[in-house]
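Student: I have not seen this structure before. Could you take me through its cysteines, starting from the model itself?

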Amino acid sequence: MSESTSNATFTADQNGAVPGEAVKKDENTRRGNWGNQIEFVLTSVGYAVGLGNVWRFPYLCYRNGGGAFMFPYFIMLVFCGIPLFFMELSFGQFASLGCLGVWKVSPMFKGVGYGMMVVSTYIGIYYNVVICIAFYYFFMSMTSLLPWTYCNNQWNTKDCSGVVGTSYANATALMSNFTELANRTVKRTSPSEEYWKYYVLNISDDIGNFGEVRLPILGCLAVSWVVVFLCLIRGVKSSGKVVYFTATFPYVVLTILFIRGITLDGAINGIKYYLTPQWQKILDAKVWGDAASQIFYSLGCAWGGLITMASYNKFHNNCFRDSIIISVTNCATSVYAGFVIFSILGFMAHNLGVNVADVADHGPGLAFVAYPEALTLLPISPLWSLLFFFMLILLGLGTQFCLLETLVTAIVDEIGTDWIIRNKTYVTLGVAILGFLLGVPLTTQAGIYWLLLMDNYAASFSLVVISCIMCVCIMYVYGHVNYFKDVEMMLGFPPPVFFRICWRFISPVIITFILVFTVIQYKPITYNNYIYPGWSLVIGFLMALSSVICIPIYAIYKISKSEGTTFLERLKNAVKPHHTWGPALQEHRIGRYAPTVSPSADRGVEAPLHEKEKETETEKKPEEISLTIQGSNGSTHNPDTTA
């Protein structure tokens, strides 16, 4: 191709190209590509490493046997996490399309892509609300005294009891007073808990009682969406530059907090509690279920983000290597964050004179109640508070970038016109504005109830169902032999035998186990002592079903529109790959994807094979052909290396 010779040439190990291959920087001018492979890896790390690594994994670890939980956790990583991660990366990279476009592989299953979009929409709405609360705490930490340090504020109740400035002996006496109070059915509340409930949230008494919009939270929500939009204003071209900071600086903060944490009194007790194995719990199915669920959810499988991010890779990028690097980094971050969290919680338990189990929490309770209270016990507490909440902001933004880009890419790929591609920024702006408006109800006094409802139902068992159907479609409908050949054509080597076995048998079994475990272990959601009413749980289930229901609805629609006189003929045509399925760029369509149609193929008109003059005409217009195909950047590939 003429364009390939005009671009700079790089060595094979740069950008993941096949050895000895000339690589182009930015071949596809319509869609855009990563500036380099480091940007893709950092973005994917930022996507996979999120708030759950800080507030969910440590809690699961101590609840499920401490160090013993690590064993099933890493088993699930090897047999489920990494294989699924590799499958989604290779799927998106091969077709260079987002979570909707890739279903040209079997059009009847396009509803899976719509389900991914629905899930990403739900998560994107409430995830940015969590980020905006972190913004709020960050701004409130810019003071000489953290506002949740003492109980002498107007929002505090008579049950508030702080520990700042109290010696260990006094703290022990204080705990005995707490016991006496407990016997009188009065529960001690910390200054940080009352600050969270009565000042930040000003929480109402019921999920149906919205009350007023909390204007400070609403303002921070606007700030969050503006930051996300500005970072994505040029798509992966701009977000790829931002992730150099957002994906790496949280590790700097974690390291600073870890060094500070392990020097505190009682920190060792917290870490011992975190790591001490309770081997008898390995025989408990619940431990294995939690390990599988945590791996599955923390890696972001079935959200559509992995497919979207990989679609901007070069065609011959080594996504097998990337999947291992990103998956292991994500899990290592969870383990590392556990050391940071439990060193601080051990120090807090030491000051209070209680067990670590009595101060540990999960979810927002850890991020905005337990940890802020621990920070007040540290010298120069505002500094540590600023660092902690800045870390939460960056962790959240890394995930939010990919959630928004997933939606934008799906819309742009689906419409596919030159105008929509040139004006992708307006699509990004529209999605950001809509996300902000849909997040406004979560900034009301009942917002925390709705946030937890969405977190527990919108992206729970629906993700498992979507991922399972995706595995079945690729391995058994499209065919494992075909897919293995596609991967070999793309990477230059076939998938390792271990991954072939996992994709076909082990991973689907584990996914099914997660689904069964989720159903068996289901308990109606609660928030502290508040029990959600039945009508709200119905809304939660409807949110969960809204993504799954896309799959059968679209399948029925596609079958009804397919050609054929009988149902079986329609079904066969509905699952058959679209004639445009395959590598996006013409230069990569080799072997069984070699062109056998005229340039009018996009209109569905096949060219007779004997019309040699059509091939000549095609060769004269390579630029015109490249404009008719959406795809990611790729490099010239020698036809002799086909799979």
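Student: Why does Cys471 form no bond with the closest cysteine sulfur?
Tutor: Keep in mind that this is a predicted model. A disulfide needs two cysteine sulfur atoms within 2.5 Å. The closest cysteine sulfur to that of Cys471 belongs to Cys468, and it is too far for a bond, because the gap is 6.7 Å.

Student: Is Cys471 buried or exposed?
Tutor: Buried means under 20% relative accessible area. Cys471 has 1% relative accessibility, so Cys471 counts as buried.

Student: Which cysteines does a disulfide join?
Tutor: The structure holds 1 disulfide. Its S to S distance is 1.9 Å, and the cysteines joined are Cys151 and Cys160.

Student: Is that link of Cys151 and Cys160 left-handed or right-handed?
Tutor: Look at the angle about the S-S bond. For Cys151 and Cys160 that angle is -65°, and the link is left-handed.

Student: Which class of exposure does Cys151 fall in?
Tutor: Its partner Cys160 has 10% relative accessibility and counts as buried. The partly exposed class runs between 20% and 50%. Cys151 has 27%, so Cys151 is partly exposed.

Student: What is the relative accessible area of Cys231?
Tutor: The cut-off for buried is under 20%. Cys231 is buried, with a value of 13%.

Student: What share of the protein chain's residues count as buried?
Tutor: The chain has 27 helices and 2 strands. It exposes about 26,000 Å². Of its 643 residues, the share that count as buried is 57%.

Terms used:
Residues are numbered from 1 along each chain as its sequence is written. This is a predicted model: local features need pLDDT of at least 70, side-chain atom pairs count only at pLDDT 80 or more; totals for chains, interfaces and linings use all residues. Side-chain values use heavy atoms; hydrogens and water are left out. Helices (H or I, at least four residues) and strands (E, at least two) are DSSP runs, numbered from the N terminus. Buried means under 20% relative accessible area, exposed over 50%, partly exposed in between (1.4 Å probe, protein chains only). Accessible areas come from the Shrake-Rupley method with a 1.4 Å probe; for residues, only the protein chains shown count as cover.
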